[in-house]
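Student: I've got a model open and a pile of labels to make sense of. Can we go through the reasoning behind them, one by one?
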Amino acid sequence: MFLETERLIIRKFKETDFEDFCEFTMDEELCRMMGRDLITDAESARPTFEWLMSKEERGYVLEYKENRKVIGNLTVGKVPPHVLEHPEVQGKKGVALSFSISRKYQRRGLMYEAVSAVIGQLFQEGVEYINGGYFEFNVASEKLHEKLGFNYLSQETFPYNGEMVKCVECIVWKQ
């Protein structure tokens with residue numbers, strides 16, 4: 001997938017993105033919101049970057065046109081098994097969507113712009129629904145999902161970093 005919006009280019013990862021990737025992922029709060037292990041330096045960022053670039057077929061960067069910096073990432077993946085158990089999705093073609101953006105670029109509508117474009121593209125490709133999820137404490141992600149038209153599906157509770165956290169699963173259907 002290659003998409004261009006008013007302010008962003010959504011494209012596959014390239015090795016030259018590593019420095020920008022490190023810059024936005026070495027953020028304790030961003031790691032917590034994404035459920036990732038803490039990324040503190042280039043060495044600890046490398047495995048995640050390599051996986052997104054080489055192993056994740058549909059892993060993309062968000063490149064900000066204004067300064068040509070990679071400011072976030074977005075992944076289109078498989079719907080988790082616990083979501084596939086829901087009767088309303090059985091027999092339907094769906095994908096899961098996850099995304100993150102540098103805190104420096106939040107609250108500008110950039111993620112809404114990116115995810116809206118990707119949702120539109122996925123529906124054009126024949127996807128019938130898109131699953132998204134967020135930790136219950138991630139209010140910004142909750143509000144973004146709502147703004148994008150996602151509806152509550154279920155929630156799962158599991159251990160993360162020594163505490164029990166709730167992950168809210170939601171879904172948006174092709175109109």
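**Cysteines, rings and strands**

Tutor: Sure, and let's start with a cysteine in this predicted model. The sulfur of Cys 167 has its closest cysteine sulfur in Cys 170, 8.5 Å away, which is too far for a bond.

Student: How do you know that 8.5 Å is too far?

Tutor: A disulfide needs the two sulfur atoms within 2.5 Å. At 8.5 Å, Cys 167 and Cys 170 miss that, so no bond is assigned between them. In the structure as a whole there are 0 disulfides.

Student: Why is Cys 167 called buried?

Tutor: Its relative accessible area is 12%, and buried means under 20%, so Cys 167 qualifies. Cys 22, at 7%, is buried by that cut-off too.

Student: On to the rings. What makes Phe 13 and Phe 49 an edge-to-face pair?

Tutor: Two numbers. Their centres are 5.6 Å apart, and the limit for a pair is 6.5 Å, so they count as one. The planes make 80 degrees, and over 60 is edge-to-face, so that's the label.

Student: What makes this pair a link between distant parts of the chain?

Tutor: The two residues are 36 apart: Phe 13 sits in the loop between S2 and H1, while Phe 49 belongs to helix H3, residues 42-55. Phe 13 is buried at 7% relative accessibility, and Phe 49 is buried at 0%. Both rings also belong to one aromatic cluster, together with Phe 18 and Phe 21.

Student: Why is the pair of Tyr 129 and Trp 173 called tilted?

Tutor: The centres are 5.3 Å apart and the planes make 50 degrees. Stacked is under 30 and edge-to-face is over 60, so 50 degrees lands in the tilted class. This pair joins Tyr 129 in strand S6 to Trp 173 in strand S8, 44 residues apart.

Student: How buried or exposed are those two?

Tutor: Tyr 129 has a relative accessible area of 0%, so it is buried. Trp 173 is at 30%; that falls between 20% and 50%, so partly exposed is the right term.

Student: How do you know that S6 and S8 are paired?

Tutor: There are 7 bridges between S6 and S8, in the antiparallel sense. At least two are needed, so they pair. One of the bridges has Ile 130 with Val 172 as its partner in S8.

Student: And what is on the other side of S8 in the sheet order?

Tutor: S7, since the order of the open sheet of 8 strands is S1-S2-S3-S4-S5-S6-S8-S7. S7 and S8 pair antiparallel over 9 bridges, and they form a hairpin with 2 residues between them. In that turn, Asn 161 has a positive phi of about 50 degrees.

Student: What makes S1 and S7 edge strands?

Tutor: Each has a single partner strand, so one side of each is left without a neighbour in the sheet.

Student: Last one: which residues have the most contacts inside the largest nonpolar core?

Tutor: Leu 74, Leu 97, Ile 119 and Ile 130, in a core of 31 residues. Helix H5 gives the most to this core, with 8 residues. Leu 97 touches residues including Leu 74, Val 115, Ile 119 and Ile 130. Apart from this core lies another one of 11 residues, among them Phe 21, Phe 24, Leu 52 and Val 70.

Terms used: Residues numbered from 1 in each chain as written. Predicted model: local features only at pLDDT ≥ 70, side-chain atom pairs only at ≥ 80, totals over all residues. Heavy atoms only, no water. Helix = DSSP H or I, 4+ residues; strand = E, 2+ residues; numbered from the N terminus. Core = buried A, V, L, I, M, F, W, Y, C linked by side-chain atoms within 4.5 Å. Buried < 20%, exposed > 50% of the residue type's maximum accessible area, 1.4 Å probe, protein only. Contact = heavy atoms within 4.5 Å. Phe/Tyr/Trp six-rings, centres within 6.5 Å; stacked < 30°, edge-to-face > 60°. Lists of a residue's contacts leave out its neighbours within four places in sequence.
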